Structure formats: C-alpha cells, structure tokens
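User: Could you take me through this structure and show how each label follows from a value?

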Amino acid sequence: MNGLSIDLHYDGGNWFTLAIECELTGAGIAAVYGHSGSGKTSLLDCVAGLRAPRTDSVVRLGDTTWQSPGSSLPPWQRQIGYVFQDARLFPHLDVEGNLLYGHARHRRASLSPDQVVELLALSGLRDRAVDALSAGQKQRVAIGRALLAAPRLLLLDEPLANLDHAASRECLRCLQGLSDELQLPMLYVSHDIEEVSQLADHLLLLEEGRLVEQGSLLTLCSRLDTRLSQEEQAAAILTATVSGHDSKYGLSELTVDSHTLLVNQLPLPPGHTRRVRILARDVSVCRARPDDSSILNILPVTIAEIENTDAPRLLLRLSLGSQCLLARITRKSAVELRLRVGDKVYAQVKSAALLMEAIDNL
C-alpha cells in the first residue's frame, strides 16, 4: 500500500489557515488546483516537512508515518523529491554535478543518471554550466536531481510558472513521459487548468485553505456544480482514440465512444489514445442536424443536465456515450429551443484542443 493520507491543520498567519483532509492513491499525478492564496504551496510544504502544521496533524505514505501527534520526521527523512518554481540548482556544479548530488546520497535509486538524462532530454548538456542553461533546461535538471534522490513521492510546485510556451510544452512532454514510465506518485501544484488537464489523473480543488472538491479530473471537468464550470475556460476533457487519417483533406479521425471527431492531421498511428479538451463556449446545440454548416464536428448527444440560473448564459451537460461535453449558451436560446433534460439534440463543436497539440476551427 503506497497511498498518501493527509489530515493537515496549519496556521499561516494573517488570518490564513489550512485545513485539508484527503486520501490519495499511490499512483499517477494528483493536481492541486486553486487561485493564488488558496493554500497550494502551504499544503506541499507541510507534506514535505518544510512548514510545521499543528501537532494534531497526520501525514502518512503507505505504512510510513511522517507526521502524527507528538511526532514529526524532518524533511531529509521523508524520501520526498521537491521541484520548486525556480530550479534552485547549485551554481558551482555543472549539470552532471547537480544530477549526481541527489544520486550520491541515495545509491538505491531505481533510475540511473543515464536513464534520467534520456527521460528528460538532457543529452549533450551534462558538462554544461547551469548559468548557460535556458529556464526550461534548468527545470528539467531540477526534476532529474529530484528523481535521482530516490523519492517515494514527487512534489512539483508550479514548475512551469517561469517558462515560456515552448519550454513549458517540452517540460510537459517530459513529465508525461515520467508519469507513463515510472510508478511514482506526484503532487502537482498549478493555477492553470489547461496545464493541469495535460497531466492529472486526480484533482484537488482548493479555496481559502479548504479542500472544496476532489476526484477524477475527467469527472470534475464535466460537472456543472464545481467552481471549474463557472470559469470562463470551463471545458470538458474527453478520452479519444486515433482511428484513421484522411490525407486528401489533411484530417485525422478520433473515436470518442463510437462517435467520430475530425481534427487537423496528427503524426500519431491509429490506436493512439489522447485527451481532448473542448471549451464549453465552443459548443453550440441545435434540434435538427444542419446540412449546410461549415462545422465538421456535429455530434448526436443527450441533454443530461441544465444549469439552473437566472444569468444571461447557462451551461448544458451533454451525454456523448459514457463521456460528456459542456455547452455554454444563452438562457434565451435554451428557452426558445425549449430544451429539457433527456432531449436528443446535436452538439456543434467549433474547435477542440488535443492536449499538447492545437486543433482549431473544424
């Protein structure tokens, strides 16, 4: 059993308190999401032992207790890897020296330096001075150093916050590869839901030091009663499989619960599975299937839920087999179309985003 058990109470000053209780499985990536000041970094620091929670707090990984009433292991005994917003590399050591710093102290590491260099695309950089690295390269070295310390849990505190778009994409690819390759649980902090959508299996939603929602990322993103649905970037996350390519028109076919979604042609073989993020504002509905629309993706759906609101716009939850879309439409449209739960309608998907690659205007 390698699950993470957290029951934390922390007084941070300036009227801020953290009170979090949750149980996480010991696999995959759990994202901690919330606005600035919600307590994300405080949570990671308490788990790592860098901040002292109240003495009645409990932090346990598997059968090892790190924090309990009357007992607290220091950070260096917790077998945790921590990657901060800034890489915090040792300036007097080159890349190789930084990587080996953690490895030298943990000879039982399951990964060798050569494996880490390959996983994090650091070939050719091992003898380079750290001040000659780009921000993205520095962050990948910091991740590698943490991995070579043989952690049982990897904490990442907004590791992409200081990176440009290209560097962020490269780091995300590396983290996805690590998640697929290693059986290492990760707690990943971010205030960017699109970034979280790339990686997370499980989602913790924090507000003002409290855990307000937790669960499967795909499930939470498709619900109408979470804070995620109220954000402008509200979107459903679907799991799709590449089923074919249409080279004549430069398109690829994705299958979502036996339905076809057309996207710009992808360099992926049939059978490859990816997540697709579809913004609620990019989905409209119609009673009859239009025959003269420029939108290629018109999917038969069932209205599963209608948001009850007096606001000018409302959300629809649309069932597409076992998965769901969200659609944000005007309340006037909902009234004029006489939409009801259980109605069979058509969803027009104006654009989608294959996570890690853009798919637009189809």
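User: What gives the most to the lining of the largest pocket?

Analyst: In this predicted model, strand 7 gives the most to that lining, with 4 residues. Strand 7, helix 2 and helix 4 (135-147) each supply at least two residues of the lining. The pocket holds about 650 Å³ of space and is lined by 23 residues, of which Ile80, Gly81, Tyr82, Ala146 and Ala149 lie nearest its centre.

User: How do the residues of that lining divide into nonpolar, polar and charged?

Analyst: The lining of the largest pocket has 15 nonpolar, 5 polar and 3 charged residues. Gly counts as polar and Ala as nonpolar, so among the residues nearest the centre of the pocket, Gly81 belongs to the polar group, whereas Ala146 and Ala149 belong to the nonpolar group.

User: Why is the pair of Tyr82 and Phe84 called stacked?

Analyst: A pair of aromatic rings is described by the distance of the centres and the angle of the planes. Rings pair if their centres lie within 6.5 Å, and planes under 30 degrees apart count as stacked. The rings of Tyr82 and Phe84 are 4.1 Å apart, centre to centre, with 5 degrees between the planes, so both conditions are met and the pair is stacked.

User: How do you know whether Tyr82 and Phe84 are buried or exposed?

Analyst: Buried means under 20% relative accessible area. Tyr82 has a value of 15% and is therefore buried, and Phe84, with 19%, is therefore buried as well.

User: What makes the pair of Phe90 and Tyr101 tilted?

Analyst: The centres of Phe90 and Tyr101 are 4.5 Å apart, which is within the 6.5 Å needed for a pair, and the angle between the planes is 55 degrees. Stacked planes are under 30 degrees apart and edge-to-face planes over 60, so this pair falls among the rest, which count as tilted. Phe90 lies in the loop between strand 7 (80-83) and helix 2 (95-104) and Tyr101 lies in helix 2, so the pair ties together parts that are 11 residues apart in sequence.

User: Why are Phe90 and Tyr101 called partly exposed?

Analyst: The label partly exposed applies between the limits of 20% and 50% relative accessible area. Phe90 has 25%, so the label fits, and Tyr101 has 34%, so the label fits there too.

User: How do you know that the charged end of Arg145 sits over the ring of Phe90?

Analyst: The charged end of Arg145 is 4.9 Å from the centre of the ring of Phe90, and the limit for the distance is 6 Å. A charge must also be within 35 degrees of the ring normal. Arg88, in turn, lies over the face of Phe84, at 3.9 Å from the ring centre.

User: Which residues have the most contacts inside the largest nonpolar core?

Analyst: That core has 35 residues, and those with the most contacts inside it include Leu99, Leu120, Ile143, Leu147, Leu154, Leu156 and Leu178. Helix 5 gives the most to this core, with 6 residues.

User: What makes Val116 and Leu111 buried?

Analyst: Val116, which lies in helix 3, has a relative accessible area of 0%, so the value is under 20% and Val116 is buried. Leu111, in the loop between helix 2 and helix 3, has 11%, so Leu111 is buried too. The C-alpha atoms of Val116 and Leu147 are separated by 7.7 Å, although these residues are 31 residues apart along the chain.

Definitions and conventions. Residues are numbered from 1 along each chain as its sequence is written. This is a predicted model: local features need pLDDT of at least 70, side-chain atom pairs count only at pLDDT 80 or more; totals for chains, interfaces and linings use all residues. Side-chain values use heavy atoms; hydrogens and water are left out. Rings of Phe, Tyr and Trp (its six-membered ring) pair if their centres lie within 6.5 Å; planes under 30 degrees apart count as stacked, over 60 as edge-to-face and the rest as tilted. Buried means under 20% relative accessible area, exposed over 50%, partly exposed in between (1.4 Å probe, protein chains only). On a 1 Å grid over the protein atoms alone, a cavity is a set of points where a 1.4 Å probe fits but cannot get out, and a pocket is an open set with protein on both sides within 12 Å along at least five of seven lines; lining residues have an atom within 4 Å of a point. Grid points are joined across faces, edges and corners, and a volume is the space filled by probe spheres set on the points. A nonpolar core is a set of buried Ala, Val, Leu, Ile, Met, Phe, Trp, Tyr and Cys residues joined through side-chain atoms within 4.5 Å.
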